[in-house]
Amino acid sequence: MSANNQPPWRSRPSAGSNRAPQSTIPRKRAADTQEEAWVADEDRFVLQQAKRKAIIRVKNGRAKPIDWLAVTLRVIDGTKDPTEDEDDNELEVVDPEGILESLDAGQIEELEKDIDTYLALETDRKNREFWNTLKVICKDKRQKASSGGRGARGVSSVSADVDRLLSPKSLEELETLEKQIRRKLDSDESIDVDYWEHLLKSLLVWKAKARLRRLSQTIVDSRLQNLRGQQEQEANTVREKLLVLLGDRKGTNPPSYSPSLDPDPLLKLRPEDKSLECKEEKPFLDSIDETRRKVLKLGYVPIKQAGSTSVAPSKIADSTLAPGTSRFSSRNDDFSQATKALYEREVARGVNENEEIFAGEEEVVTANKAQWMEKHRPRKPRYFNRVQMGYEWNKYNQTHYDHDNPPPKVVQGYKFNIFYPDLIDKTKAPTYRIERENGRKRGQSFAPAGEEDTCLIRFMAGPPYEDIAFRIVDKEWDYSAKRERGFKSSFDKGILQLHFQFKKIYYRK
């Protein structure tokens, strides 16, 4: 066969054919670059959706451990979209190390898989450091749980000593110690290799914990900074409004104190104010001074719920706490999104003409709290209670008053609405009981003439909720079901409702 008649698979390519494949190389590289960009965009979209779902589950009270961690990381996440309308101050942050301590072996294993999902999508260095740190701690907890807490061969007896040695050290000290241990292991010295390897392994775990604590502190500092900025902005707004109302008085000194500026004292207290705590002037001023010192030290004003005072309906908004600030409040109130939804729904019902908002809360000790507080964060349940006020037409009032000039209103009943949406054991409904002080029995009266006996009504639910109690008037309840005087005690959809009125005593003319 001649050269001109060679088969196509044996023919040599011409010079022009050599240049043709080379011209496709830039196109192939461009296609690979475009494909990599598509994959990166897809990963970025999937990561954003995962973070959005975590926020939704936290708000709806359905959060898993990975969701709490993702929302907590969001505080310092530099990759979040600034155009989002999400208010980070509404999201509660948690202690990541505390989340890990509350999980069992199965939950730790599931959390590790969720962390791997985020690691596969994350590209930000700080975010990856956060997830890698958590993964190291999770792996250590899982291994300890699976091996019954046994350490390396021959060194289990000194594990506690190793932990005592490493736990108080800072991140920098641990990094320095790590270099020294690695040099010792790489040297030709005659050493106990098992001991030093176990020490290095424990050190890496404690280093991860130290790094996690530092990241947690950064998160807390960032949230505090946001709170300080928000309060400063609100204060400046109020200041500007006051300047407009008072006129431009820059450079003038405030008026000096004068007793004539004090309001006139009330000669008669309202019935709902009689249960308020009385303080002398000096202890009251001392408490104000102590509160001021705390504010100056913290750099923000702690928001807390109204205590043992009943507020008027117009003050409902003032006594409502801003969600997402429970970690920085002076109390451990419940600010979950499920609780917020129940609370806002009850607030929307408003109050009737003969009702007032009731918040006569008393401090009580929760029994058996120590048995579960390590696994669950204790919290106070939120509530929206009403007290029913009316006129009591006894013989004295019938003689001295009429409908045009009625007597002072007295308490006629209560409507308690306590919110428990996150009960651990949902098969056991919350309960309540009446507590009378000083050995007083039911039906006995120790109150002076013209006064009402009071008692405590305590509500108990179990983990994660602490007991909560209110001081109420101690009268006989009316259990009848006539019209609006019906007795109601139920627990449904996370709300404990206890509505009752006192028996009325009628006098014949």
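Biologist: How much area does the protein expose, and what share of it do carbon and sulfur atoms supply?
Modeller: This is a predicted model, in which local features need pLDDT of at least 70, side-chain atom pairs count only at pLDDT 80 or more, and totals for chains, interfaces and linings use all residues. Residues are numbered from 1 along each chain as its sequence is written, and side-chain values use heavy atoms, with hydrogens and water left out. By the Shrake-Rupley method with a 1.4 Å probe, the protein exposes about 33,100 Å², and the carbon and sulfur share is 51%.

Biologist: What percentage of the 509 residues is buried?
Modeller: Buried means under 20% relative accessible area, with a 1.4 Å probe and protein chains only. Of the 509 residues in the protein, the buried share is 34%.

Biologist: Which residues of strand 3 face the side opposite Asn385, Val387 and Met389?
Modeller: Strands are DSSP runs of E with at least two residues, numbered from the N terminus. Strand 3 spans residues 385-390, and six of its six residues are buried. In a regular strand the side chains alternate between the two faces of the sheet. With Asn385, Val387 and Met389 on one side, the other side holds Arg386, Gln388 and Gly390.

Biologist: Which residue in strand 4 stands opposite Met389?
Modeller: Two strands pair if DSSP finds at least two bridges between them. Strand 3 and strand 4 (residues 410-419) run antiparallel and are joined by five bridges. Opposite Met389 in strand 4 stands Val411.

Conventions:
Buried < 20%, exposed > 50% of the residue type's maximum accessible area, 1.4 Å probe, protein only. Helix = DSSP H or I, 4+ residues; strand = E, 2+ residues; numbered from the N terminus.
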